[in-house]
Amino acid sequence: MMMPMPARSHHIAASGVAKALADKGHDVTYVSGLDKGNKINPANNKVICIGNPFESIISAYQEKQLSNFWVDEKSPLESLLFLMEWGVQLVNKTMSNPEVIAEISKPGQKYDLVIIEAFVFQESFVGLGHQFDVPVVALNPFGTCQWINDIMGNPVNPAWVPSPFLGFSDHMSFTQRAINTMMHAASDLVYNYYYMPQQEAVLQEFWPGAPALQGLLRTKIGLTLVNNHFTLSYPMPMSPSVVEIGGLHIPEKPKPLPKDLKDFLDASKEGVVYFSMGSNLRTQDMPKVQAEAILGALGALKERVLLKWDGPTPKNLSPNIRVIEWAPQGDLLAHPNIRLFVTHGGLLSTQESVFHGVPLVGIPMFGDQQFNMLLAVQKGFCVKVDFKTMTRTTMDEALREVLQKPKYKEAATRLSRLFRSKPLRPAESAVFAVEHILEHGADHLRPSSVGMPLYQVLLLDVILVALAPFLVVLLCCRALCCRKRSGGATSRAKKNN
């Protein structure tokens, strides 16, 4: 398993798959972008920790970048280009790592399967499948995207499949459909003609002589595991080679909380509001206006507040607020006294809140968070607050709306029942799908559209043939009309003479 992305949220899902496979008796080698000793790394696997591949290239401007997250003004296309650039560097750094080179270059080294985050801008890792002549499984830490849909054969129509970068729903206005279509087309052009040649170059550098990357992706990747569930996405048809494993990281039975947290929650008769903006955003860098609005609104509540905050503790906090640097979030949300979760809207946080039936106030910042929170609003268990225009009043109103109206808790509880209603647990689904590929291959799962030229997929040749008779008739009629007009003009000319 190649998991060099140094992001905790990616490894939370990936390590769950690795652990489930190891529990079934499979020998798993896990290449991790997290540091040694990180508890997220799967304990029952052989783990090769390469550390943060970006550390040497980001140290010079890391502080600036982290603080700029709060005021980032990148357009969707700029964000996409930024991620693509980092993806190319990620594969280069990983495949140049001495421990990785030693592992895959051992004499007689064999693997039966390779698992990669292909669609998180790491496509050239599919070269490992070519090197060892084995099938490849793609693991996506989020839901589907247009490149998964294209390569795995999922039908895509921008009229009702929104881009996660835009924050639109599946019921779009004319203007939104036009923007979504242009974003879809622009993303495809950038992906295929700007980005993929860079990944092709990486593929040929580390696997010289390998077939073209686009062909390898379509022939080697037999299965994609997506960390999502249809209750938290818009319904769309999916190929049998795409399997949802959303909620894999959530245990059926929560672990006991640390005693101090449990005592705090148990003693909170009015309930508790939990605030967390995830692990990538540093709350200490939050702009003063928004920080004061959030802390003031939370401090005015009758409920107690658990505030996940890094850096120095804010001054003059209300007595109802307890500051924590870290919390076992999934286990915390399972406590019956948690009444509301104020979140950035990351996918894992959203899944955990739905699993435990906790309503949200969402403050999305970047990536898929706008998409997640818009969907949560439409599902009825969330109120969304725009960070850039946030004021104390808008935060007060959002908190009161969710805490005082039972409909949000009722919607969260209803979705929790749907999210839990599955024929297999997510880990079991992942293991079954992987073992199916190992035993039977993947050709029977792959729609024929995967290998079709675009003009055939869009039926342009059929449409052209269907229109041909009408075009012939139209041209004949036009020729006759032109002849008549020409003949009439000639007759008039003779009479005049």
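Okay, one bit of housekeeping before we start: UniProt positions are given in the numbering used here, and its annotations may be inferred rather than shown by experiment. With that in mind, UniProt has an unreviewed entry here, and it lists residues 454-477 as "transmembrane region". Please also remember that what you're looking at is a predicted model.

So what does the chain do over residues 454-477? It's 92% helix and 0% strand there, and the C-alpha atoms at the two ends sit 33 Å apart.

Keep residue 454 in your head, as we now go to the second largest pocket. That pocket holds about 760 Å³ of space. Its lining has 23 residues, and the ones nearest the centre are Asp150, Asp188, Leu454, Val457 and Leu458. Leu454 falls in the stretch UniProt lists, 454-477. Which elements give two or more residues to this lining? They are α7 (146-152), α8 (174-206), α9 (213-220) and α18 (454-457). The top contributor is α8, with five residues. If you sort the lining by class, you get 11 nonpolar, nine polar and three charged residues.

Next, cavities. In general, you find empty space by rolling a probe the size of a water molecule over the atoms. How many cavities of 30 Å³ or more does this structure hold? Just one. The largest cavity has a volume of about 30 Å³. Around it you'll find Trp147, Asp150, Ile151, Asp188, Tyr191, Asn192, Gln214 and Arg218. You've met some of those already: Asp150 and Asp188 line this cavity, and they're also among the residues nearest the centre of the second largest pocket. The helices should sound familiar too, with α7, α8 and α9 each supplying at least two residues of the cavity lining. By class, that lining is three nonpolar, two polar and three charged.

Let's look at how two of those helices meet. α8 and α9 pack at about 80°, and their axes are 9 Å apart. That angle makes α8 roughly perpendicular to α9, because anything from 65 to 115 degrees counts as roughly perpendicular. On the α8 side, the contact uses Asn192, Met196, Gln199, Glu200 and Leu203, and on the α9 side Leu213, Gln214, Leu216 and Leu217. Asn192 and Gln214 also line the cavity we just saw. The contact counts five nonpolar, three polar and one charged residues.

One last pair, elsewhere in the sequence. Helix α13 (residues 347-355) packs against helix α16 (residues 406-420) at about 100°, with 7 Å between the axes. α13 and α16 are therefore roughly perpendicular as well. Here α13 brings Gln351, Val354 and Phe355, while α16 brings Ala412, Leu415, Ser416, Phe419 and Arg420. By class, that's five nonpolar, two polar and one charged.

Okay, that's me done. Any questions?

Methods: Residues numbered from 1 in each chain as written. Predicted model: local features only at pLDDT ≥ 70, side-chain atom pairs only at ≥ 80, totals over all residues. Heavy atoms only, no water. Axes fitted to C-alpha atoms, helices over the stretch in contact; angles between N-to-C directions. Helix = DSSP H or I, 4+ residues; strand = E, 2+ residues; numbered from the N terminus. Parallel < 35°, antiparallel > 145°, perpendicular 65-115°, else oblique. Contact = heavy atoms within 4.5 Å. Nonpolar A, V, L, I, M, F, W, Y, C, P; charged D, E, K, R; others polar. 1 Å grid on protein atoms, 1.4 Å probe; cavity = no way out; pocket = protein on both sides within 12 Å on 5 of 7 lines; lining within 4 Å. Points joined across faces, edges and corners; volume = space filled by probe spheres on them.
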